[in-house]
Amino acid sequence: MPPPSWRAGLDAVADLLLPPVCIACRARIMGHGLLCGDCFAKVDFIAPPVCARLGVPLPYDAGTPSLSAAAIAAPPVYDRARAVARYSQTMRDLIQSFKYRDRQEGLALFSRWLVHAGAELLADADLILPVPLYRSRLWWRRFNQSAMLAQRISKLTGIACDCFVLKRVRRTASQVGLSAEQRVRNVAGAFKVEPSRAQIVKGRRIVVVDDVITTGATAEACARALKRAKAARVDVLALARAVEPPPRALKDLRGAG
Ligand SMILES: [Zn+2]
């Protein structure tokens, strides 16, 4: 590895050859792998207070861990979920280019965001696992982005990561465009714990890394498989989460319409 002074020089040369651009809109910025001010302002980061189970924003801080109405009505199979931001247009664009256009320049930034958003889950976790892809799709997309994120988080936190514990045992249709009920049916039984690695799961506190939580059907299917293998705790950490508009916003919409 070259000494630091050389490296700074090499970085400067790299910047001249390939000037840093915003990873969302490609506008010129000061450093590589970052967002410009305008795009950063469009990322709707999820901040406390959040539902202790689902990780969705709550309207006010009750001072104690609180649950959303959705978590009370239908408690998820996983223990807790946390996401960096709402699944807004900017996050959708960022994740789509990361997933389908081979743009890995956001990897370092996304991993730092995930470590921050998942601090509570990672504090005493034993193991990080990515949501697996079915083999043919893995080949098609060349790599699993969730696995890349999981490995990066593992490096940043020192928590072990194993990309081969969870297996997608059946090819599933893309979840895009499916209703909530169709999504549940689509991924039911799609995941299992690799028998040779079952011992790694038993009694462990696990964080499953995914790109987006929409209805949560994939997260639930993974959690079900891990709990069946006797995981002590299964949390889910994602870059984005689809969040229903709060009841007040709905009322406002109705009032306006
Ligand atoms: Zn931008």
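Contact means heavy atoms within 4.5 Å. The model is predicted: local features need pLDDT of at least 70, side-chain atom pairs count only at pLDDT 80 or more, and totals for chains, interfaces and linings use all residues. Residues are numbered from 1 along each chain as its sequence is written, and side-chain values use heavy atoms, without hydrogens and water.

**Exercise 1. Place Arg 197 and describe its surroundings.**

Step 1. Find the residue. Arg 197 sits in the loop between β5 (191-193) and α10 (198-201). Helices (H or I, at least four residues) and strands (E, at least two) are DSSP runs, numbered from the N terminus.

Step 2. Is Arg 197 buried or partly exposed? Arg 197 counts as partly exposed because its relative accessibility is 26%. Buried means under 20% relative accessible area, exposed over 50%, partly exposed in between (1.4 Å probe, protein chains only).

Step 3. List the contacts. Setting aside neighbours within four places in sequence, Arg 197 touches Asp 162, Phe 164 and Val 165.

Step 4. Look at Asp 162. Its C-alpha atom is 9.5 Å from that of Arg 197, and the two residues are 35 apart along the chain. Their side chains share a polar contact of 2.9 Å. Such a contact is a pair of N or O atoms within 3.5 Å; within protein, one must be able to donate a hydrogen and the other to accept it, and residues adjacent in sequence count only if both atoms are side-chain atoms.

**Exercise 2. Trace the spacing of the zinc ligands.**

Step 1. Read the pattern. The donor residues of the zinc ion follow C-x2-C-x10-C-x2-C in sequence.

Step 2. Take one pair. Cys 22 is in the loop between α1 (4-17) and α2 (37-42), while Cys 39 is in helix α2, 17 residues apart. Both Cys 22 and Cys 39 are buried.

Step 3. Define donors: N, O and S atoms within 2.8 Å of the metal (3.2 Å for Na, K and Ca); water is not among the atoms, so sites may look incomplete.
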